[in-house]
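Reader: I should like to learn how the features of a structure are read, one by one. Please give the general idea each time, and then the case at hand.

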Amino acid sequence: AASLVAAGCALQSPPSVGELQADALRNASIPPAWKSPGGTAAPVADAWLATFADPALSALVSEALIYNSDLRAASARVEQAEAYLRVANASLLPAINLAGTWSGSASGGGLNGIFLNASLELDIWGRVRYGSVASGRQAESVLADYAYARQSLAAMIAKSWFLAIEAGLQREIALESLRASEALQKVSEDRFRIGNGNEQSVAVARSNAGT
């Protein structure tokens, strides 16, 4: 009898993703064209930002990780989920209460003593254990969201930084083209002034420089 009771108290494993999909989408037929193999599941390499060897970029990312308001909110959610997990796990442990009273004198009519009370909830149906497991999964999910937010913020800053560098290089190229066009315009005007050019060449040169 004790073995049967112990077996009945065992927690059941949660349903798999395939079982959840089969239960939620019983009559749905997903077209094969909508399915893709996906990318290679690989963890993000540690210290990937340092591989760029750019101190300015590393400083920008460090500043953003400290002062970004969304990331600070995500960090607070991680602390909250961990606190909920500790509260859920506390129900699995015995609870001990200690209380005392002192009347001051025998004539006070009070009761002098110390009272110790210990209790433990018999989680026969697994309610507390299921709650603890759910809180643990929730804490893992929030922690994963926080890690994703950090990596996403660093990647966004790195992308913006390199786009800014590219824009600066393109600006330098555009300035070089402008200086070359202005030099060609001056040559065309000088040729026209000494009689070795024509108005059409000057107009084309001015148009190129204006563009």
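Author: Let us begin with a pair in one helix. Lys186 and Asp190 are about one helical turn apart because four residues separate them in helix H5. Helices (H or I, at least four residues) and strands (E, at least two) are DSSP runs, numbered from the N terminus. The model is a predicted one, in which local features need pLDDT of at least 70, side-chain atom pairs count only at pLDDT 80 or more, and totals for chains, interfaces and linings use all residues. Residues are numbered from 1 along each chain as its sequence is written, and side-chain values use heavy atoms, with hydrogens and water left out.

Reader: What does Lys186 form with Asp190?

Author: A salt bridge is a side-chain nitrogen of Lys or Arg within 4 Å of a carboxyl oxygen of Asp or Glu. Lys186 and Asp190 form one, their closest N and O atoms being 3.1 Å apart. Salt bridges with shared partners join Lys186, Asp190 and Arg193 into one network.

Reader: How many salt bridges does the structure hold?

Author: There are seven. One of them joins Arg179 to Glu176 at 2.7 Å, N to O; these two residues lie three apart in helix H5, about one turn of the helix. Another links Glu172 with Arg171, at 3.9 Å between the closest N and O atoms.

Reader: Is Arg171 buried or exposed?

Author: Buried means under 20% relative accessible area, exposed over 50%, and partly exposed in between (1.4 Å probe, protein chains only). Arg171 counts as exposed because its relative accessibility is 53%, whereas Glu172, at 41%, is partly exposed.

Reader: Which charged residue is buried yet has no salt bridge?

Author: For charge, Lys and Arg count as positive and Asp and Glu as negative; His and the chain ends are not counted. The residue is Asp54, and the nearest side chain of opposite charge, Lys159, is 17 Å away. Asp54 lies in the loop between helix H2 (17–24) and helix H3 (55–67).

Reader: With which side chain does that of Asp54 make a polar contact?

Author: A polar contact is a pair of N or O atoms within 3.5 Å; within protein, one must be able to donate a hydrogen and the other to accept it, and residues adjacent in sequence count only if both atoms are side-chain atoms. The partner is the side chain of Trp161, at 2.8 Å.

Reader: What is notable about the phi of Ala53?

Author: Most residues other than glycine have a negative phi. In Ala53 phi is near 50°, a positive value in a residue other than glycine. Ala53 is placed in the loop between H2 and H3 and is exposed, at 66% relative accessible area.

Reader: How many aromatic pairs are there?

Author: Rings of Phe, Tyr and Trp (its six-membered ring) pair if their centres lie within 6.5 Å; planes under 30 degrees apart count as stacked, over 60 as edge-to-face and the rest as tilted. The count by this rule is two. Trp48 and Phe52 are edge-to-face because their ring planes stand at 85°, with centres 6.3 Å apart. Ring pairs link Trp48, Phe52 and Phe162 into a cluster.

Reader: Which elements give two or more residues to the largest nonpolar core?

Author: A nonpolar core is a set of buried Ala, Val, Leu, Ile, Met, Phe, Trp, Tyr and Cys residues joined through side-chain atoms within 4.5 Å. The largest has 15 residues, and those with the most contacts inside it include Leu49, Leu57 and Tyr146. The elements are H3, helix H4 (69–90) and H5, and H5 gives the most, with seven residues.
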